[in-house]
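Dear colleague,

I am passing a structure on to you, and I would be glad if you could look it over before reading my notes. The sequence and the coordinates come just below, and what I found in them comes after.

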Amino acid sequence: MKKINKATARKLYDEGKEFWITACHMRPECGILIGSLSFEQMAGVSFDAMVNSFSYYNCDGERGRY
């Protein structure tokens, strides 16, 4: 596993490739795998909308703010 920045994640999202999204203080295995099944469910959802909804529901003082 390798940590990537938001620009790289956006590129992977646009290409339909898999990556993990998680809050900054959590282990990667506790995150959400964004992959082929996720893309079918998120048809028409922009990368920014996906990140904003993930942050709203999963980022806080305990798990990390970003």
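The notes below go from the whole chain to its core, then to one helix and one glycine.

Please keep in mind throughout that this is a predicted model. The protein chain has three helices and two strands, and, read from the N terminus, these elements follow the order α-β-β-α-α. The radius of gyration is 11 Å, close to the 11 Å that the globule rule gives for 66 residues, so the chain is as compact as a globular protein of that length. Along its principal axes the C-alpha trace spans about 30 × 25 × 20 Å, and 27% of the 66 residues count as buried. Among the contacts with a separation of 6 or more, 50% are accounted for by residues 24 or more positions apart. About 5000 Å² of the protein chain is exposed, and carbon and sulfur atoms supply 52% of that area.

Turning to the interior, the largest nonpolar core has 13 residues, of which Tyr13, Phe19, Ile21, Ile34, Phe47 and Met50 touch the most other members. Two or more residues come from each of α1 (6-15), β1 (19-21) and α3 (47-58), and α3 gives the most, with four residues. As one example from this core, Ile21, leaving aside its neighbours within four places in sequence, is in contact with Gly31, Ile32, Ile34, Met50, Val51 and Phe54.

The helix α3 deserves a look of its own. It has 12 residues and reaches 16 Å from its first C-alpha to its last, close to the 16 Å expected at 1.5 Å a residue. Its residues Phe47, Met50, Val51 and Phe54 are buried, and, seen down the helix axis, the buried residues of α3 fall within an arc of 95 degrees, so they line one face of the helix. What covers them includes α1, β1 and β2 (32-34), whereas on the other side of α3 Asn52, Tyr56 and Tyr57 are exposed.

Finally, where does Gly64 lie, and is Gly64 buried or exposed? Gly64 lies in the segment after α3, and it is buried, with a relative accessible area of 1%. Its C-alpha atom and that of His25, a residue 39 residues apart from it along the chain, are separated by 5.0 Å. Leaving aside neighbours within four places in sequence, Gly64 is in contact with Ala23, Cys24, His25 and Cys59.

With best wishes

Notes. Residues are numbered from 1 along each chain as its sequence is written. This is a predicted model: local features need pLDDT of at least 70, side-chain atom pairs count only at pLDDT 80 or more; totals for chains, interfaces and linings use all residues. Side-chain values use heavy atoms; hydrogens and water are left out. A nonpolar core is a set of buried Ala, Val, Leu, Ile, Met, Phe, Trp, Tyr and Cys residues joined through side-chain atoms within 4.5 Å. Buried means under 20% relative accessible area, exposed over 50%, partly exposed in between (1.4 Å probe, protein chains only). Contact means heavy atoms within 4.5 Å. The expected span of a helix is 1.5 Å times one less than its number of residues. The arc is that of the directions from the helix axis to the C-beta atoms. The radius of gyration is taken over C-alpha atoms; the globule rule is 2.2 Å times the number of residues to the power 0.38. Accessible areas come from the Shrake-Rupley method with a 1.4 Å probe; for residues, only the protein chains shown count as cover.
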